Amino acid sequence: MTRVNLITGFLGSGKTTTLRHLLANKPDGEKWAVLVNEFGEVGIDGALLAETGAVLKEIPGGCMCCVNGLPMQVGLNMLLKQSKPDRLLIEPTGLGHPKQILDMLSASVYEPWIDLRATLCLLDPRQLLDERVVDNENFRDQLAAADIIIANKQDRWDDTSRQALLNFQQQSASGRTLVTTQHGEIDAALLDTPRRNLRELPHPAHHHHSTAPSRLAALKPDDNMPWRRALNEGQGYYACGWVFNGDTVFDTIGLLEWARLAPVSRVKGVMRIAEGMVSINRQGADFHIETRSAEPPDSRIELIDDARADWNSLQTSLLKLRLHYQG
C-alpha cells in the first residue's frame with residue numbers, strides 16, 4: 001500500500017522547493033513518486049525534480065481535477081500500478097482546488113491501493129496581506145483542507161506579515177499543526193501525520209481553461225521549429241510559456257534581467273546558459289536563481305500573471321537573448 005500526501009499551496013508559496021527538500025531527505029531504501037500538475041502548459045517542475053531520483057508523472061495545462069478527474073486518474077493509476085511506490089507526493093497547481101482530489105483519493109476504489117496521510121499546505125504569510133490572493137477561492141480552500149500548514153519563507157517576513165500569520169493562526173488555524181520554516185525545509189516525518197481534517201469543503205466554481213490547450217508532447221521543439229510557445233488561462237490568471245531545443249544557449253545577464261523585470265507576478269524556468277544550466281524562480285520581487293549540474297534536454301520558462309501581458313513583446317526580447325542556436 002502506498003502512503004499518499006497532498007502538497008498544496010498558492011502560486012509562489014514554495015511547493016516545488018519543499019518537494020525537492022523532502023525527496024533529498026527520504027529514507028534510504030524507499031521508493032518515492034511525485035504526481036505534479038502545473039497551471040501552464042510547458043511543465044517546469046518536471047525539469048526541476050528530474051534529478052531527485054523520484055518516479056515522476058506530470059500533468060501540465062491547468063487543474064488535474066478537471067475533465068471529470070480523468071488526467072488525475074490516469075496519472076495516479078499509472079504510478080500506483082506500474083511503479084508501486086512506498087510514498088506518493090501529489091502537487092496540484094497553485095490555482096487548483098483540493099476538494100476533487102481529496103474526494104478521489106478517499107474513494108473506495110483506491111482503498112486497497114493507498115493510505116492517505118496528512119495534507120500539507122504551503123503558505124507565504126505575505127500572501128495574507130494581498131486582497132487578490134485572500135479573495136481567491138482556491139487559496140482559502142487549500143488552507144481549509146490542510147492538516148498541516150507550512151508557513152514558509154520565514155527569511156522574507158517583516159513585522160506586518162508576522163502579525164498577519166498570528167492573526168490567521170488565531171482565527172483560522174485553531175486545532176491544526178502550523179510549522180514555520182524557510183526554503184521549504186521541513187521534517188519528512190510530518191508526512192506520516194494521520195489525516196484528521198475531514199471538514200466538508202464547498203464545491204469550487206467552474207474552472208475555465210484555454211479552449212484548445214497544447215499538450216506537452218506537442219511543445220517539443222524540432223528541426224523545423226527550434227522553439228514553441230503555449231498559452232493558458234483560467235480562474236483570473238494567464239500563463240505564457242516557451243520551450244527551446246537543447247542547442248539554444250542564452251546570454252546569462254540578459255536572461256536574468258529579462259526574468260527580473262518582466263511585468264508579471266510569477267516567473268519560473270530552467271534555462272541553458274553559457275555556464276551550463278540555471279533555474280529561475282521569481283514571485284513578485286522575490287528572485288531566486290540556482291545553477292544546476294543536471295542538464296535537461298531543453299530549456300523552458302513560463303510567466304504567470306493576473307492580467308494578460310504583452311506576450312509578443314516579451315517573446316521578441318527573449319529571442320534576442322539567444323547567443324547561438326540551430327534551426
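Leaving out residues up to four places away in sequence, W242 touches V42, W227, R228, R229, W258, S299, R300, I301, L303, W311, Q315 and L318. These contacts are read from a predicted model. W242 also belongs to the largest nonpolar core, which has 24 residues. Within this core, W242, W258, I280 and L303 have the most contacts. Two of these, W258 and L303, are among the residues that W242 touches. The elements that give two or more residues to the core are the strands β10 (237-244), β12, β13 (276-283) and β15 (299-305), together with the helices α8 and α9 (311-319). A second, separate core has 22 residues. Among its members are A164, L165, A173 and Y237.

The chain as a whole was examined next. It contains 9 helices and 16 strands. Of its 327 residues, 56% are buried. Contacts with a separation of 6 or more were also sorted by distance along the chain. Residues 24 or more positions apart account for 73% of them. The exposed surface of the chain is about 14,400 Å². Carbon and sulfur atoms supply 49% of that area.

V264 lies in the loop between α8 (252-261) and β12 (266-273). Both flanking elements give two or more residues to the largest nonpolar core. V264 counts as buried because its relative accessibility is 6%, below the 20% cut-off. Neighbours within four places in sequence aside, V264 is in contact with R282, L303, I304, D305, A309 and W311. Of these, L303 and W311 are also touched by W242. L303 is, in addition, one of the core residues with the most contacts. The C-alpha atoms of V264 and A239 are separated by 9.6 Å. The two residues are 25 apart along the chain.

Two lysines show positive phi values. K84 has a phi near 50°, although K84 is a residue other than glycine. K84 sits in the loop between α3 (70-83) and β4 (87-91). With a relative accessibility of 57%, K84 counts as exposed, since the cut-off for that class is over 50%. For K153, also not a glycine, phi is positive at about 65°. K153 is placed in the loop between β7 (148-151) and α7 (159-172). Its relative accessibility is 16%, so K153 counts as buried. Both lysines are thus loop residues with positive phi, but K84 is exposed and K153 is buried.

Conventions. Residues are numbered from 1 along each chain as its sequence is written. This is a predicted model: local features need pLDDT of at least 70, side-chain atom pairs count only at pLDDT 80 or more; totals for chains, interfaces and linings use all residues. Side-chain values use heavy atoms; hydrogens and water are left out. Helices (H or I, at least four residues) and strands (E, at least two) are DSSP runs, numbered from the N terminus. Buried means under 20% relative accessible area, exposed over 50%, partly exposed in between (1.4 Å probe, protein chains only). Contact means heavy atoms within 4.5 Å. Accessible areas come from the Shrake-Rupley method with a 1.4 Å probe; for residues, only the protein chains shown count as cover. A nonpolar core is a set of buried Ala, Val, Leu, Ile, Met, Phe, Trp, Tyr and Cys residues joined through side-chain atoms within 4.5 Å.
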